[in-house]
Amino acid sequence: MAVSAGDVVALTGDLGSGKSVLARGVLEALGVEGDMPSPSFVIVASYEARVPVNHIDLYRLDNAGEALDIGLEDLLYSDCISIVEWADRLGGFLPLASIKVELQAVGERDHRLISIKAVVPEVRTRLANLAGSLVRFGGQ
Ligand SMILES: Nc1ncnc2c1ncn2[C@@H]1O[C@H](COP(=O)(O)OP(=O)(O)OP(=O)(O)O)[C@@H](O)[C@H]1O
Ligand SMILES: [Mg+2]
């Protein structure tokens, strides 16, 4: 599993690029079962999976200050995993240790280009290991 307690997965990409589908995939992989309604109105949906996990959608936020007003900082710097749609709304408040995932619809078919980046060395190492195992898996 590429994400672990305390991680923030920062999803960005245009409307309809696939952020929610990816977020639900991560929730399922973490053991969340049943309905996972969109948190765009409530902003945060919290689940007790193998670790506590938050699905956050910042689409309705006008600026990063509003995110702080509703106490998001406490969630983003906690032992929970947080998966954040429209993470760019956080601007400079996005935690440095985030795993940044950018989605882009490409071509006329239902294809998506997904880029995954991190700047903190420990997170980069985990992503590199994941990439390595995917390459090995693909080669089998
Ligand atoms: N990886 C994918 N490949 C093909 N289609 C996808 C993929 N991910 C999502 N889709 C399709 O794209 C549409 C939009 O997906 P989704 O709701 O996840 O986007 P979103 O980025 O969360 O949108 P919004 O910006 O409105 O929140 C859905 O019809 C979904 O089935
Ligand atoms: Mg969405």
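Here a student and a tutor talk through a predicted model, asking what earns each label.

Student: What makes S1 and S5 count as paired strands?
Tutor: Two strands pair if DSSP finds at least two bridges between them. Four bridges join S1 to S5, so the pair meets that definition. The two run parallel, and threonine 12 stands opposite glutamate 102 in S5.

Student: And how do you know that S5 and S6 pair?
Tutor: By the same test: at least two bridges are needed, and S5 and strand S6 (residues 111–117) have seven, in the antiparallel sense. One of the partnerships is lysine 100 with lysine 117 in S6. These strands form a hairpin with four residues between them, and glycine 107 in the turn has a positive phi of about 70 degrees.

Student: Why are Val9 and Ile99 said to be in contact?
Tutor: Contact takes C-beta atoms within 7 Å. Val9 is on the list for isoleucine 99, along with Val3, Asp7, Val8, Ala10, Ile116, Ala118 and Val123, leaving aside neighbours within four places in sequence.

Student: Which residues touch the most other members of the largest nonpolar core?
Tutor: That core has 24 residues, and the ones you want are Val9, Ala10, Leu11, Ile83, Val84 and Ile99. S1 gives the most to this core, with four residues.

Student: What makes four residues around ligand 1 charged?
Tutor: Asp, Glu, Lys and Arg count as charged. The shell includes Lys19, Glu85, Asp110 and Arg112, so those names fit the class. The rest of the tally is two nonpolar and five polar residues, and H1 gives the most to the shell, with three residues.

Terms used
Residues are numbered from 1 along each chain as its sequence is written. Chains are lettered from A and ligands numbered from 1 in the order in which they are written. This is a predicted model: local features need pLDDT of at least 70, side-chain atom pairs count only at pLDDT 80 or more; totals for chains, interfaces and linings use all residues. A nonpolar core is a set of buried Ala, Val, Leu, Ile, Met, Phe, Trp, Tyr and Cys residues joined through C-beta atoms within 7 Å. A residue is buried if 20 or more other C-beta atoms lie within 10 Å of its own, exposed if 12 or fewer, and partly exposed in between; C-beta atoms are placed from the backbone. Two residues are in contact if their C-beta atoms, placed from the backbone, lie within 7 Å. A residue is near a molecule or strand if its C-beta atom, placed from the backbone, lies within 6 Å of it.
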